[in-house]
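Visitor: Please take a close look at one part of this model, the place where the ligand sits. I would like one connected account.

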Amino acid sequence: MRLLSDSIGRKVVMAITGLLMVLFVVGHLLGNLSIFAGPNGINAYAEKLHGLPQVVWATRVVMLTAVALHIVLSIRLTLENRAAKPTAYAVDRRLRVTFAGKNMIWTGLLLGGFIAFHLLHFTVRSVPGLDIVQGLDGHGRFDVFSMVVAAFGHVVTAVVYVVAMAALFLHLSHGIQSTFQSLGLNNAKTMPGFLKFGSVLSVIFLLGYGSIPVAIFFGLIAK
Ligand code: HEM
């Protein structure tokens, strides 16, 4: 509670919740890439994961809390920054002002909207107006492969996901280095390394996640 009551504390909470989400994004990417191994790759992976309900639910609770805190604090921070005198920007003086940095609130809100849509799409599996393919594969497992392949066969869905991945790229290309700044780890010596780390990781996310709708849309992964 004390952490949330001052602005540095709120930045630390945003950094920690952001890091938790980045960890999830790394794990989720590794799991999703098993789609390139065909139905036996991703369906077996999903079955193993859902065989560990305690892990799944603990992750859901932690991630939902992290996402909620991150969004509420980011809106507050943006409003505070807009109302503040120029000296309030002193904390950020080492960071370059980039397109990604200036638009964090917009790429973040877009990602929030994407996550809500994505949960309805592949977890709840019910989106008004979208036909979501659901069934079991030849081994009696839920057929995640067919669901995802059918989804990205539609141009609008594939484009929505690629645009969201571009927003993820922009958000994290600034967000990861900003995390180190908020945690007080950034200085003249460490900054180039953190900058590079943030850029490399966000490019990996863009190419890794983005490759899935693109490969499916162009028929490189097919039933
Ligand atoms: C091309 C990109 C992506 C694909 C193909 C994809 C695929 C999937 C699939 C198939 C599921 C359902 C898993 C299951 O129930 O067995 C899922 C769940 C989920 N995805 Fe993604 N995902 C993508 C990107 C992302 C990104 C970028 C994020 C976060 C920023 C994300 C966050 C989630 C979350 C939070 C869940 C719910 C996990 C749960 O509680 O069951 N996904 N995704």
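Guide: What follows goes from the metal outward to the shell and then to some aromatic side chains. The model is predicted.

The iron atom of the ligand is coordinated by two histidines, His28 and His118, each through NE2, at 1.9 to 2.0 Å. Helix H2 holds His28 and helix H6 holds His118, so the pair ties together parts that are 90 residues apart in sequence. The iron atom has 6 donor atoms, and with angles of 87 to 179° among them the site is octahedral. For comparison, the ideal angles for six octahedral donors are 90 or 180 degrees. The two histidines fall into separate accessibility classes under a cut-off of 20% for buried. His28 has 26% relative accessibility and therefore counts as partly exposed. His118, at 19%, counts as buried.

Beyond the metal, the ligand is surrounded by 20 residues, and the closest are His28, Asn32, His50, Arg60 and His118. Some of these also have polar atoms close to ligand atoms. In the side chain of Arg60, an N or O atom is 2.5 Å from an oxygen atom of the ligand. For His50, a polar side-chain atom lies 2.9 Å from a ligand oxygen. His118 has a side-chain N or O atom 2.7 Å from a nitrogen atom of the ligand.

By residue type, the shell consists of 13 nonpolar, 5 polar and 2 charged residues. Six helices, H2 (7–32), H3 (39–50), H6 (104–124), H7 (144–151), H8 (155–182) and H9 (191–217), each supply at least two residues of this shell. H6 gives the largest share, 6 residues.

The aromatic side chains can be described next. A pair of aromatic rings is described by the distance of the centres and the angle of the planes. The structure holds 9 aromatic pairs. One of them joins Phe152 and Tyr161, edge-to-face, with 4.7 Å centre to centre and 70° between the planes. Both residues are buried: Phe152 has 3% relative accessibility, and Tyr161 has a relative accessible area of 4%. Another pair, Phe205 and Tyr209, is tilted, at 6.4 Å centre to centre and 50° between the planes. Phe205 and Tyr209 lie 4 residues apart in helix H9, about one turn of the helix, and both are buried. Phe152 and Tyr161 also belong to one aromatic cluster, together with Phe114, Phe117 and Phe122.

How values were computed. Residues are numbered from 1 along each chain as its sequence is written. This is a predicted model: local features need pLDDT of at least 70, side-chain atom pairs count only at pLDDT 80 or more; totals for chains, interfaces and linings use all residues. Side-chain values use heavy atoms; hydrogens and water are left out. A residue is near a molecule or strand if one of its heavy atoms lies within 4 Å of it. A polar contact is a pair of N or O atoms within 3.5 Å; within protein, one must be able to donate a hydrogen and the other to accept it, and residues adjacent in sequence count only if both atoms are side-chain atoms. Ala, Val, Leu, Ile, Met, Phe, Trp, Tyr, Cys and Pro count as nonpolar, Asp, Glu, Lys and Arg as charged, and the others, Gly among them, as polar. Donors are N, O and S atoms within 2.8 Å of the metal (3.2 Å for Na, K and Ca); water is not among the atoms, so sites may look incomplete. Four donors count as tetrahedral if all angles lie between 85 and 135 degrees; four count as square planar and six as octahedral if opposite donors are over 155 degrees apart and all others between 65 and 115; anything else is irregular. Buried means under 20% relative accessible area, exposed over 50%, partly exposed in between (1.4 Å probe, protein chains only). Rings of Phe, Tyr and Trp (its six-membered ring) pair if their centres lie within 6.5 Å; planes under 30 degrees apart count as stacked, over 60 as edge-to-face and the rest as tilted.
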